[in-house]
Every structure is written in C-alpha cells, then in structure tokens.
Amino acid sequence: MSPMLADLEDADRPAEEGAAVRRVTLLGGDTSFEVEPGESILAAALRANIHLAHDCKSGTCATCRFRIVEGAVAYVEEPMGLLPEEAAEGYGLACQARPLSDIVAEAEVRPALIAEPERHTAIVRHVGPLSDEVMHLVLEVPEEVASTYRPGQYLNVVVGDGKVRSFSMASPPNGRTVDLHIRRIAGGQFTSNRLPGLTPGEELEVELPHGMFFLRADDFRPLLMLATGTGLAPIKSILQSLLDDPDCPPVTLYRGARTEADLYLDDEIRSWADRLADFRYVPVLSRPHPGSAHRTGYVQDAAAEDIEDFSEYGIYLCGSPTMVGAAKSLFIARGASINHIYADSFLFQHNLGR
Ligand SMILES: Cc1cc2nc3c(=O)[nH]c(=O)nc-3n(C[C@H](O)[C@H](O)[C@H](O)COP(=O)(O)OP(=O)(O)OC[C@H]3O[C@@H](n4cnc5c(N)ncnc54)[C@H](O)[C@@H]3O)c2cc1C
Ligand code: FES
C-alpha cells in the first residue's frame, strides 16, 4: 500500500484499520515497536524508549519527519509542518501519524551525543538593545551546560504556570554564558512584560539544550543558510563555531530583514569572511528605504534568483514559519533534497499550548 494522507474522522477506518495494534520497524536496524489504536507513531516510540527526533509534538516543526518505506499512515488533521510535496514523496510526521498498516520506516533517532534537556537557574549578565526591536540577553549558566549544547539548539525560559518560551542560543558553546537575540512582541508575556525589566544578577529558570536544528557535520555539502529576523541567532551560533575551521564547506547566508535598521550585527557578520574560507553574505530587505543599495524582496526569492539548482546544497532555514514553508517548497521544486533541508520555525508558544 502506498503512503497516503487521510482524514481519520471522515473514514470508516477506525473500526477496521485504526482499531488494530500495528508494528513499526525502523530501517537499518532491528528496532521495532507496537503502536496502539489511536496512538501516534512518536508516542508509541517514546513509550518503547526509542527516542525518535521530535520537538513541538504538534505537527508544526517537522523535526519528527520520517520516511515511509512500506505501509500507510493517516492523520486526524493534516499537519501544518508537512508539505504536500513531502507527503507525496512518502514522508510523514511521526507525532501526528497513525499507522493504517504495519510500517517500515526510516526515521532519525535522537543521537546519543545530544544532551538531554535539564532545568537550571541562570543568572542575567547583560540586557541591552541590538536594534529597535531586538534585545540582547546574556545568561550565565552552569559550565557543563554552557559547554555541551550544539550550536543551533535553543533553550526554554520558564515564564510561570509551567509555561515556557523558546529562544535559540546565538553564541557557540563557551563554557560560561549563552547569548540570546530576543524580538520584542507587543503584549508578549516574556518579551514585553518581563524582559525589559530584567537587571544583571537576576535569576531565570531555563531548560536546555533543546532542538534538532544543528550543523550536520557528516553532510559535506556547501551550506546554504536562510535566516529571517532573530532566526539569525542559531545560524550565528553555527557559523561562529566554524570560524577558522579548515574543513568548513563554502557558506552562503541570505539574511532577511524588513529595513536597514533591522540588520543588527551586520559588520560582525561581514567580518566572518576573514575567518571562513568561502563565505558569501546577502542581506535582503522586504521593506527597504527608497534608494536602498541592498537586495530587496523576500529572502527565499533572492536565493532562487541566484541559484538555479539546489540539489547540491545542505540547506538550513531559520525564522518565520512563512519563510521556512515557502523556501522549502521553492527549493524542492528546484531540485533540493528533502533529506538535506534542516529547518527551525520560530512558532509562537501560546499557540503550541506550552
Ligand atoms: C524553537 C524556537 C526557537 C525560537 N527562537 C527565538 C529566538 O531566538 N528569538 C526570538 O525572538 N524568538 C524566538 N522564538 C519565538 C519566541 O519563542 C516567541 O515569539 C514567543 O512566543 C515570545 O514569547 P512572549 O511571551 O513574549 O509572547 P507570547 O505571550 O507567547 O505571545 C503574545 C502574542 O504575540 C504573538 N506572537 C508571539 N510570538 C510572535 C512572533 N515571533 N511573531 C509574531 N507574533 C508573535 C502571539 O501569537 C500572541 O498573540 C523561537 C520559537 C521557537 C519555537
Ligand atoms: S515534533 Fe512532530 S512536527 Fe514537531
């Protein structure tokens, strides 16, 4: 049976297909586990102590994307994080997919090298503006924590009632502090109500490290990176970790911002050209001042103007969910391999119920 996307609610499937226990076997090993009726593949894997890669658990971040080699799955609701092109190529999202048959799948298991997230008390060391809308927050965290995350990962700030807000580490691991770039959201519980009043020495509860957006060092392709807004943060952490590395592949960074004023740290980014063997930096403004000397438009369109064939790149996308979705569709249509696109969508926490 070929992979399919279906709506469980308008099918008579539950009585027949959905009501049976199904077995999922992971390709390339002898790992398999059972999925109870109504259970998602991710939930069943975690219950069996198999740590499939995942993040939001709500069908939006696409971290749990897996390839269906044999069998078919269905969804209660079509997940936001799965493009029709990806579903057509046999990909699914494990946190939402319910098996309709036994499944053979290729899925990313959380690498053993990735540290498990833990809660820590962080001390505020600096709060200051990077631009009109973006604040720089520097937190001191225990040494082992500030050394062990992977560039590109994020942390959660606990804001009360067990709710958290996610922010990517903008600095590579240095054993002392982590830098965050935080856009102020009007009415935002943390970014507007708490952040501006923070002072050095104050404590914040944080959980880290989180996320599967990090450099895949075994993917030797030239790096094509697109960042919008504070999506620059994890890209900065990754690229700073590659400075002076003779094995660093060629890097092209397209950076999307609205106006010139939003291009914070522009000079610092340009200076990386001295320490990366082959680095191209292209800022792209969506609302430029009249007569701007910068590229204008949307960042994914600028990349598509410059690059005809995306098949040779390892592609890293970070920032607004709109950019991430549009860039994926555009680049896949021009030959990008789904297996070599890594993305981090900056979703809004309250929509995730976190
Ligand atoms: C993995 C991950 C990493 C992230 N990294 C960063 C980062 O490095 N820097 C950063 O600035 N943000 C980042 N974000 C986004 C950030 O977590 C959210 O913007 C967060 O909700 C802000 O918290 P808040 O309490 O201020 O606002 P909330 O109280 O959560 O939201 C208040 C209102 O603003 C809306 N809103 C929230 N965020 C946004 C937004 N980004 N754009 C438009 N409207 C919004 C909400 O829908 C809500 O109506 C990341 C998100 C994820 C999932
Ligand atoms: S964990 Fe499945 S889409 Fe985010």
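Select Glu-70 and Val-104 to start: Val-104, in S7, is the bridge partner of Glu-70. The model you have open is predicted.

**First sheet**

Now widen the selection to the two strands. Strand S3 covers residues 65-70 and strand S7 covers residues 103-107. Four bridges join them, and they run antiparallel. Add the rest of the sheet. It is open, has five strands and follows the order S2-S1-S7-S3-S5. The pairing is mixed. At the edges, pick strand S2 (32-35) and strand S5 (91-93), each of which pairs on one side only. Look along the sheet for the twist, which averages 40 degrees from one strand to the next.

**Domains**

Colour by domain next. Domain 1 takes 8-107, domain 2 takes 118-210 and domain 3 takes 223-352. Keep domain 2 and domain 3 in view. Their centres, taken over C-alpha atoms, are 23 Å apart. At the contact, 19 residues of domain 2 meet 15 residues of domain 3. On the domain 2 side, select strand S11 (163-168) and strand S12 (177-183); each supplies at least two of the residues that touch domain 3. Which kinds of residue make up this side of domain 2? Ten are nonpolar, six are polar and three are charged.

Stay in the region for one backbone check. Select Leu-208 and Pro-209. The peptide bond between them is cis, with omega about 0 degrees. Pro-209 lies in strand S13, residues 203-210. Most peptide bonds are trans.

**Second sheet**

Show the other open sheet. It has six strands in the order S17-S16-S15-S14-S18-S19, and the pairing is parallel. Strand S17 (295-296) and strand S19 (341-345) stand at the edges; each has a single partner strand, so one side of each lacks a neighbour in the sheet. Zoom in on S14 (residues 223-228) and S15 (residues 251-257). Six bridges join this parallel pair. Label Leu-224, and opposite it in S15 you will find Thr-252.

**Core and helix H5**

Switch to side chains. The largest nonpolar core has 95 residues. Those with the most contacts inside the core are Ala-94, Leu-180, Met-225, Leu-226, Ile-235, Ile-315 and Leu-317. Helix H5 (residues 232-242) gives this core its largest share, six residues.

Select H5 by itself. Is the helix largely enclosed or largely open? Nine of its eleven residues are buried, so the rest of the structure largely encloses H5. Label the buried ones: Leu-232, Ala-233, Pro-234, Ile-235, Lys-236, Ser-237, Ile-238, Leu-239 and Leu-242. Then centre on Ile-235. Beyond its neighbours within four places in sequence, Ile-235 is in contact with Met-225, Ala-227, Leu-253, Tyr-316 and Cys-318.

**Two positive phi values**

Step just past H5 to Asp-244. Its phi is positive, about 65 degrees, although Asp-244 is not a glycine. Asp-244 lies in the loop between H5 and S15. Buried or exposed? Asp-244 has 9 other C-beta atoms within 10 Å, so it is exposed; the cut-off for exposed is 12 or fewer.

Last stop: Leu-265. Leu-265 sits in the loop between S15 and helix H6 (266-271). Phi is again positive here, near 60 degrees, in a residue other than glycine. Count its surroundings: 17 C-beta neighbours inside 10 Å, so Leu-265 is partly exposed. Most residues other than glycine have a negative phi.

Key
Residues numbered from 1 in each chain as written. Chains lettered and ligands numbered in written order. Predicted model: local features only at pLDDT ≥ 70, side-chain atom pairs only at ≥ 80, totals over all residues. Pairing = 2+ DSSP bridges. Axes fitted to C-alpha atoms, helices over the stretch in contact; angles between N-to-C directions. Core = buried A, V, L, I, M, F, W, Y, C linked by C-beta atoms within 7 Å. Buried ≥ 20, exposed ≤ 12 C-beta atoms within 10 Å, placed from the backbone. Contact = placed C-beta atoms within 7 Å. Domains from an automatic or database assignment. Nonpolar A, V, L, I, M, F, W, Y, C, P; charged D, E, K, R; others polar.
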